[in-house]
Amino acid sequence: MMFPVAILAGGLATRLRPLTETIPKSLVEINGEPFLWHQLRLLRANGIHRVVLCVGYLGEMIRASVGDGAAFGMSVDYSFDGPHLLGTAGALQRALPLLDDNFFVLYRDSYLPCGWPAVQDSFLRQGKLGLMTVCRNENQWDTSNVEFVERKILAYNKKLRNPRMRYIDYGLGVFRREAFDLKGQEQDLAILYQQLLERGELAAYEVSGRFYEIGSFAGIQEIGAYLNQQATGESQ
């Protein structure tokens with residue numbers, strides 16, 4: 001059985017304004033359908049049956065679009081931000097009652113066509129509190145932020161980079177609930193990854209393909225073209 005997936009779908013998506021002034025980023029249309037619909041279909045194709053959407057800004061629009069997930073062959077629950085924003089890691093801690101002991105984490109703007117079952121198997125085999133997927137990037141799709149050698153992460157930092165960082169955080173994480181002990185404090189997921197790395201509790205899994213995202217208008221065009229290729233059976 002595959003782990004449930006928590007999708008971090010809060011935030012204001014300021015980089016996509018004015019597009020996101022009236023709709024949340026998850027509902028930006030890609031090839032005539034909300035991006036979230038494409039995400040959910042991808043998850044279902046990888047054997048995922050349960051999703052928890054961590055929502056905030058215009059979150060009711062997301063719930064109106066997806067409902068209970070039955071149309072996608074899965075169960076979808078919602079965890080809404082409280083009166084005080086707690087960061088991405090804090091949002092996940094708030095959602096823990098809706099999740100299992102182990103769960104995937106996905107960002108709202110990421111489309112990740114990798115082998116999800118293989119990622120889960122690697123997480124279970126390595127026995128750490130968390131796992132980060134990485135891919136060799138060489139600053140191609142975004143700025144590299146991971147130093148990865150012999151299947152191990154030696155350094156990870158989105159702000160303080162070194163020239164040995166040739167990999168990037170692919171965007172798919174796996175966690176045990178014990179990784180989240182924030183005591184109500186605000187914290188981003190990137191910081192939690194760093195803390196787990198310092199404690200020797202961060203496993204890694206290298207993904208061979210690239211990631212797609214809708215964090216920019218260029219990214220929206222790229223994923224639209226990719227999904228068209230997939231639909232018509234063309235190779236990349």
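Hi everyone, let me start with a contact I like: the charged end of R210 sits over the ring of Y212, at 4.2 Å from the ring centre. Keep in mind that this is a predicted model. There is another arginine to show you in the same spirit: R63 lies over the face of Y78, 5.6 Å from the centre of that ring.

Staying with aromatic rings, the structure holds 13 aromatic pairs. Take F103 and F175: their ring centres are 6.4 Å apart and their planes meet at 40°, so this pair is tilted. What I enjoy here is the sequence separation. F103 belongs to strand β6, residues 102-107, and F175 to strand β11, residues 167-176, so the pair links parts of the chain that are 72 residues apart. Are these two rings buried or exposed? F103 has 0% relative accessibility and counts as buried, and F175 is buried too, with a relative accessible area of 0%. The two phenylalanines also have company, as F103, Y156, F175, F180 and Y193 form one aromatic cluster.

Now for the pockets. The largest pocket holds about 1400 Å³ of space. Its lining is made up of 50 residues, and T88, Y107, R108, D109 and K158 are the ones nearest the centre. If you want to find it by secondary structure, the elements that give two or more residues to this lining are β1 (5-9), β4 (50-55), α3 (87-95), β11 and α5 (189-198). Which element gives the most? That would be α3, with five residues. As for chemistry, the lining of the largest pocket divides into 19 nonpolar, 17 polar and 14 charged residues.

The second largest pocket has about 220 Å³ of space. It is lined by 13 residues, and those closest to its centre are Q126, R151, K152, A204 and Y205. Here the elements that give two or more residues are α4 (116-126), β10 (152-156) and β12 (202-206). The largest share, five residues, comes from β12. By class, this lining has seven nonpolar, two polar and four charged residues.

Please hold on to R151 from that list, since its backbone deserves a look. The phi angle of R151 is near 65°, a positive value in a residue other than glycine. R151 lies in the loop between β9 (146-149) and β10, and at 72% relative accessibility it counts as exposed. N31 is another case: phi is near 55°, again positive in a residue other than glycine. You will find N31 in the loop between β2 (29-30) and β3 (33-34). With 42% relative accessibility, N31 counts as partly exposed.

Last topic, the cysteines. How many disulfides does a search of the whole structure find? Zero. For C54, the closest cysteine sulfur is in C114 and lies 19 Å away, which is too far for a bond. C135 also has C114 as the partner with the closest sulfur, but at 9.9 Å that is too far for a bond as well. For reference, a disulfide here needs the two sulfur atoms within 2.5 Å. Both of these cysteines sit inside: C54 is buried, with a relative accessible area of 3%, and C135 is buried at 1%.

That's my tour. If you have the model open, R210 over Y212 is a good place to begin. Thanks, everyone!

Notes:
Residues numbered from 1 in each chain as written. Predicted model: local features only at pLDDT ≥ 70, side-chain atom pairs only at ≥ 80, totals over all residues. Heavy atoms only, no water. Phe/Tyr/Trp six-rings, centres within 6.5 Å; stacked < 30°, edge-to-face > 60°. Helix = DSSP H or I, 4+ residues; strand = E, 2+ residues; numbered from the N terminus. Buried < 20%, exposed > 50% of the residue type's maximum accessible area, 1.4 Å probe, protein only. Lys NZ or Arg CZ within 6 Å of the ring centre and 35° of its normal. 1 Å grid on protein atoms, 1.4 Å probe; cavity = no way out; pocket = protein on both sides within 12 Å on 5 of 7 lines; lining within 4 Å. Points joined across faces, edges and corners; volume = space filled by probe spheres on them. Nonpolar A, V, L, I, M, F, W, Y, C, P; charged D, E, K, R; others polar.
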